[in-house]
Amino acid sequence: MKHTNREIEFSIWQLFALIIAAIACLFAIVPFIFQYRLNKCDFIKIENPVEPRSYNSDVSSDYHRRYVRDVSNRDQCSNVPPMCSATTTLTPGTTVSSIRTTRSTPSTVSVTRPGITNFPTQSPTTTIDPWANTTRPYNSWRLPIFAKPIDYTLHFVCPNCYSWMESIPVTTFYGKVSIQINILNDTQYLVLHAKNLNITTAKLIGGSGSTATITYLPEYEMIHLYFGPTSISVGTITLEIDYTGEINEQDNTGFYREWFWKSIGELSYLLAGNFQPTHARKAFPCFDEPSMRAKFTLTIEHPQSSTIALSNSADVFRNGSMTTFEETSIISTYSLSWAVLPLDEFKSATRNFSTTQVNIWVRPELIGEANEHLNWTFETIGKTLEYLKTYLNLSDENIPTKLDLIGVPDLILDEKASASWGLLTFREELLSTDKSLNSAERLQTTTKAIVEHIIQIWFQTTDWWDNIWFGKSLSSYLAYKMIEENYPSFKLMEQFPIQEMVPLMMDDFKPSIWPVSNKDLTNNAQILDYLSVNIYSKGASFLRLLEYIIGNEAFQAAVIDILSINDVSMIIKTFYSNLDFSQILNTTVTPEEFLRSWLEEKNYPLVTVDLITSNDTIKSTIINFRQARYYGSFALNSNSSNPNYVWKIYMECDLGGARDGNSWNLTANLASSRIKFMFESLTHTIELSNEEYAWIKCNKDFYSYQVTEYKAHNADIYELWQHFVYLFDRNVLSNNDKANILNDAFILPHGGEIVSYDETINLVREIIEDPVSFYLPLSVFVWHWNYLMSIEEHSKYFWNFKQFATRRVLGFYESDINSLLTTGTNHQEKLLKSMFFELLCRVQNTEALNKATELFRRIPSSYFYNSSGDTNVDPEFLSTVIYYHVQNANDIDEWDSLWIHFTENLNITSQRRITFLRALGAAKEIWRLKSLLESAADINSDLIETQEFFDLIISISQNPNGRDIVWNFYRHNYLNLLHRFGRTNRLFNQLIANIAQSFENEYYYHEMIIFVNQNPSPSQFQQLAIDQILMNIEWLTNGMARSLDDAISGADKSGSKKKV
């Protein structure tokens, strides 16, 4: 094409105009750049980051803003874009300065400010950061064994704990502790635990009255007290320490204060001491190891007119300014507990059960008329105490004379509760019932939590952290037994594998997982990382298996015997000594050896069962057993594990099948428990002469924590699995056996074993009628389908995946969604229908989603404003209805309305808050999810409580539209969140694994590696997150996802395979 001179000239002028405009823009931007830098909003290192960065400037209204002092008092950055994003190229330790949107301080906030009558007589020390001391006169993280505490006398004063002052950056408490100590060897020094405490004086009372030279040992969370040159002689001494500390407002550990809304614009608070597992050292200098048990006498100064103090024992003295409690029995430091509650914000309901007075303390709006919201809790407590009297053979003096249960509005513990003798704290939704949301699943979950933590107070004693699993796991298992006896309609014991084992097994094959009894703990951070709910569930499964082997009576006798043991080192040994396998099995393995082979080793075994049937000339059956460590992915690094480790596995197998001409009658010749032995080698062979069987099923009734692969020793290696398909809808296998077979069929393809998804899908397809009778195997199916969905919904295979779930579920109800949504006639049917409806909605079934919207429209508007009233929706479906209507209707006005109900209605129950917040996190609009995260992370706001913050993060990460938002938010604000929650908060540590659950490509993997390298953590959860991503990538790219898709398609075309 040719251009005229005029056209060329015109183009040149256009170019000049653009250059001039660019230069003008540059000069216009320069002043703003300088102002930006003067306001310190660029990438700089700050020592104490405390605020998350905003994602947008349209933040929550000051009307709801929590009134928290601004410690930093930094200038606002009004001329800066609302989000400063850190890139992944930052070096480790680098952070981005916090940017806050300009907001005025609310003028209507008021806080209860009762006075304090007594003040400390000594001024705090002027030592600057004593914990920065680098001298090391003692070099061990274990306490020396020559000093044993006998009793503690504690006195706490906190003049500013009961008021709020913007001018005070931190709230200081003053403490005095007098410890009577038994000295076993002459010494010139003592070592105690203390964390972030400032010791004013430490001296011996009586005798020489020596005053100690104090050295802080921060890496061990200890103090070294030197009394030389004179030695402390063998005998009893009294050590007195005056000190100060800071009230913890980060989490619910140590001596903490928790703020919550009293009304809109007005705050209230509670004070409490929670020391499990290693947090007593934050509140007072002590011997903070589980075997260092002593008695405690506690005095707390507090305003009697407006507050009440509670502790493990009853009070013996009260005046206008203090409460002193009875001396406790001999307990560990982590079993001590106390609380100070505002009387105008906590009301108690009381009932007496025999010699025990039970008091439940919750906010008034959670009690209900005539205590109706607490009736179930009281009933559960009464039945638990009665059950324990019988099962543990307890006399009245072995039962607390009082039990105080406190519903804490914002409790951020992974167990959602904390138990100690006489005083228990719970997340408040566990103690108060919301009838509108009181589904069968929630009812059994809260009941189990209450029962388990009450039982824990009898089993808190241990010698060291690697054995603390025993009391926790035993309490969990006994809770199942109690509920089975008192609430048989729940059939909770039958559900044990579904509730405790199946969810663990998909994590427990990772190389970076923990064993139940960890003998390799080398520091305090590892203790806190190791003690998680998962190891207690796994430990409970081992105790369940042990009872099954030895019998109920022998197990009960062993449990009763340990209650009288005073020597903590003998508790588990005494338990083992009461057990015997010799009368049951032909084995030299002791119960202790059996359990320790499971407790002290991570992961679980793969047991391969190879069945060799008779030939034409010899009638016999040969079974070859082989065990190996099971890994769920070839992508994981297993170098740290012993590939030849041998578990001691209790094997119990059923056999069946008889020849009928040239075929097998699979339902004939049943030999229940025909094989029983202790499998204690890598391989084992059993020959059954003159016996002929077509199939074998091991791990009877899903008692053992293992995965089993079955092979037929003939032309069709899959024949045994085809037999299982045929037997699945016959009355031959128990429901637990069917659940076990199906669980194995879902797990084995992950590890590349011979079982493919063809077998898995065919097993599911055999469940065609009466779903209630198949509740357990169907629960396994739904759990694994939900697990796989987190990956599938981001893949090209989702359509078949969705359609299979839809056909299976609606097939039980003649494809009628209305039939599914009728009220269940029993507990199992209610659980099943709730589970099915949620699954249909999650796979985005149109009928289910439309039904959710239809049911949502039936809910009267008054329900969202009041804490009572009829919803016109069955409690089994209500939370699912609200969640999926908000997600799929995508109505902006309804989302805004729900947000207002969530933030402004102070009469809303905690269960309803959780339901509404989860639904808000289901939004499809990116900006709404960002706004939610910003509100949750803003320390200056109490719109979203801290405990709800973790629930919201997980909820949004499970939202297909939200996982990238959460991941970016977590990375960009990590240092600020770390400063807020600390490295010892397990809920915070677990977040990274929860967020990464659905990451399925190399892009996420490389981002995770960069993040972990820049922000290394002593917690194992970072490695678990990396393992999960590698597993997901392998599952999608190495053919497993395609295999599942082909299995679904093939089964739909060919029908089920039955071997007759």
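Visitor: Why is F1021 called buried?

Guide: In this predicted model, F1021 has a relative accessible area of 8%, and a residue is called buried when that value is under 20%, so F1021 meets the criterion. F1021 is found in helix α29, which covers residues 1021–1037.

Visitor: What does F1021 touch, leaving aside residues up to four places away in sequence?

Guide: With those residues set aside, F1021 touches W514, D529, N989, Q990, I992 and A993. Q990 stands 31 residues from F1021 in sequence, while the C-alpha atoms of the two are 5.8 Å apart in space.

Visitor: What makes helices α25 and α28 roughly parallel?

Guide: Helix α25 (residues 963–972) and helix α28 (residues 1002–1014) pack at an angle of about 15°, their axes being 12 Å apart. Angles under 35 degrees count as roughly parallel, and α25 and α28 are therefore described in that way. The crossing of α25 and α28 is left-handed.

Visitor: Which residues meet where α25 packs against α28, and how do they divide into nonpolar, polar and charged?

Guide: From α25 come R963, D964, W967, Y970 and R971, and these meet Y1004, E1007, M1008 and F1011 in α28. The residues of this contact divide into 5 nonpolar, no polar and 4 charged.

Visitor: How do you know that R971 and E1007 form a salt bridge?

Guide: The closest N and O atoms of R971 and E1007 are 3.7 Å apart, and the criterion asks for a side-chain nitrogen of Lys or Arg within 4 Å of a carboxyl oxygen of Asp or Glu, so the pair qualifies as a salt bridge. The pair links distant parts of the chain, with R971 in helix α25 and E1007 in helix α28, 36 residues apart. Both R971 and E1007 are buried.

Visitor: What makes D951 and R427 a pair that ties together parts of the chain?

Guide: D951 and R427 form a salt bridge in which the closest N and O atoms are 3.1 Å apart. D951 lies in helix α24 (residues 946–957) and R427 in strand β20 (residues 423–427), so this pair ties together parts that are 524 residues apart in sequence.

Visitor: Why is D951 classed as partly exposed, and why is R427 classed as buried?

Guide: D951 has a relative accessibility of 29%, and the partly exposed class runs between the 20% limit for buried residues and the 50% limit for exposed ones, so D951 falls within it. R427 has a relative accessible area of 3%, which is under 20%, and R427 therefore counts as buried.

Visitor: How do you know which class E600 and R596 belong to?

Guide: E600 is at 28% relative accessibility and counts as partly exposed, and R596, with a relative accessible area of 37%, is partly exposed too, because neither value is under 20% or over 50%. The side chains of E600 and R596 meet in a salt bridge, at 2.7 Å from N to O.

Visitor: How many salt bridges does the structure hold, and which residues are linked in a network of them?

Guide: The structure holds 43 salt bridges, and K195, E221, R281 and D288 are linked in a network of such bridges.

Visitor: What can be said of the protein chain as a whole?

Guide: The protein chain has 30 helices and 29 strands, and 60% of its 1060 residues count as buried. Among its contacts between residues at least 6 apart in sequence, 76% join residues at least 24 apart.

Methods: Residues are numbered from 1 along each chain as its sequence is written. This is a predicted model: local features need pLDDT of at least 70, side-chain atom pairs count only at pLDDT 80 or more; totals for chains, interfaces and linings use all residues. Side-chain values use heavy atoms; hydrogens and water are left out. Helices (H or I, at least four residues) and strands (E, at least two) are DSSP runs, numbered from the N terminus. Buried means under 20% relative accessible area, exposed over 50%, partly exposed in between (1.4 Å probe, protein chains only). Contact means heavy atoms within 4.5 Å. Axes are lines fitted to C-alpha atoms, for helices over the stretch in contact, and angles run from 0 to 180 degrees between N-to-C directions. Angles under 35 degrees count as roughly parallel, over 145 as roughly antiparallel, 65 to 115 as roughly perpendicular and the rest as oblique. A crossing is left-handed if the near helix is turned anticlockwise from the far one by less than a right angle, and right-handed if clockwise. Ala, Val, Leu, Ile, Met, Phe, Trp, Tyr, Cys and Pro count as nonpolar, Asp, Glu, Lys and Arg as charged, and the others, Gly among them, as polar.
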